[in-house]
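Q: Please take a close look at the aromatic pairs in this structure. Which rings are linked into a cluster?

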Amino acid sequence: MGRIGIMGGTFDPIHNGHLMIGGQAYKEYGLKEVWYMPSGHPPHKKNRNVSEPATRLAMTELAMKDHEGFVCSDFEVRRTGNTYTAQTLRLLHEEYPEHSFYFIIGADSLYEIENWYEPDQVLTQAVILAARREYEEADRSMDRQIAYLASKYGADIRTLHCGEMDISSAELRSMIARGQSIADYVPREVIEYIEAHGLYQELES
């Protein structure tokens, strides 16, 4: 029996912001492990070419080095078709009934989660750990959004108290294509992998 954090994402590429939020969840909520789970075929990323699952999985695995409690999971990559969080959580409960799951998200996801596939299933199958930060498009405070979701869905939502890293994978891909250094934002082993495989050399249209 253990409390397992689930950190999902495209991770194209994974960066230090992802590691920071997972590390805070691990420490703040006494998690046994944090499973970093690259998405297999993310349904919401159809508007651009996403790197192959094996490539994103390899980068994620490299990023886990020297991080206590961090595990790279191929749970979503092994699945066929679109991978939805609601389905993933359902399958995790079936495969690991001895664990309780803590789903780690950013503040933006907390406001957008009702647009996800089966949001009621996402919000009731795991404790939600949301990074506390400002979200410019929000029409209500984070505390009010948490209270709203808790009331409507019976969700258990808790906040993570961590700093912000104002960088996104999209910005990193653009920096790489422009020949700019990403050393401040991405683990060295991941940078070496990107360089060795010639990833993200073209600017996205």
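A: The answer follows the ring pairs one at a time.

The model is predicted, so local features are reported only at pLDDT of at least 70 and side-chain atom pairs only at pLDDT 80 or more, whereas totals for chains, interfaces and linings use all residues. Residues are numbered from 1 along each chain as its sequence is written, and side-chain values use heavy atoms, with hydrogens and water left out.

Across the whole structure there are seven aromatic pairs (rings of Phe, Tyr and Trp, the last by its six-membered ring, with centres within 6.5 Å; planes under 30 degrees apart are stacked, over 60 edge-to-face, the rest tilted). One of them joins Trp 35 and Tyr 96: with centres 5.1 Å apart and planes at 70°, the pair is edge-to-face. Trp 35 belongs to strand E2 (residues 33–38) and Tyr 96 to the loop between helix H3 (85–95) and strand E4 (99–105), so the contact ties together parts 61 residues apart in sequence (helices, H or I, of at least four residues and strands, E, of at least two are DSSP runs, numbered from the N terminus). Trp 35 is buried at 8% relative accessibility, while Tyr 96 is partly exposed at 23% (buried means under 20% relative accessible area, exposed over 50%, partly exposed in between; 1.4 Å probe, protein chains only).

Tyr 96 also pairs with Phe 75 in a tilted arrangement, 6.5 Å centre to centre with 50° between the planes. Phe 75 lies in the loop between strand E3 (70–72) and H3, so this pair ties together parts 21 residues apart in sequence. Phe 75 is buried, at 5% relative accessibility. Ring pairs thus link Trp 35, Phe 75, Tyr 96 and Phe 101 into a cluster.
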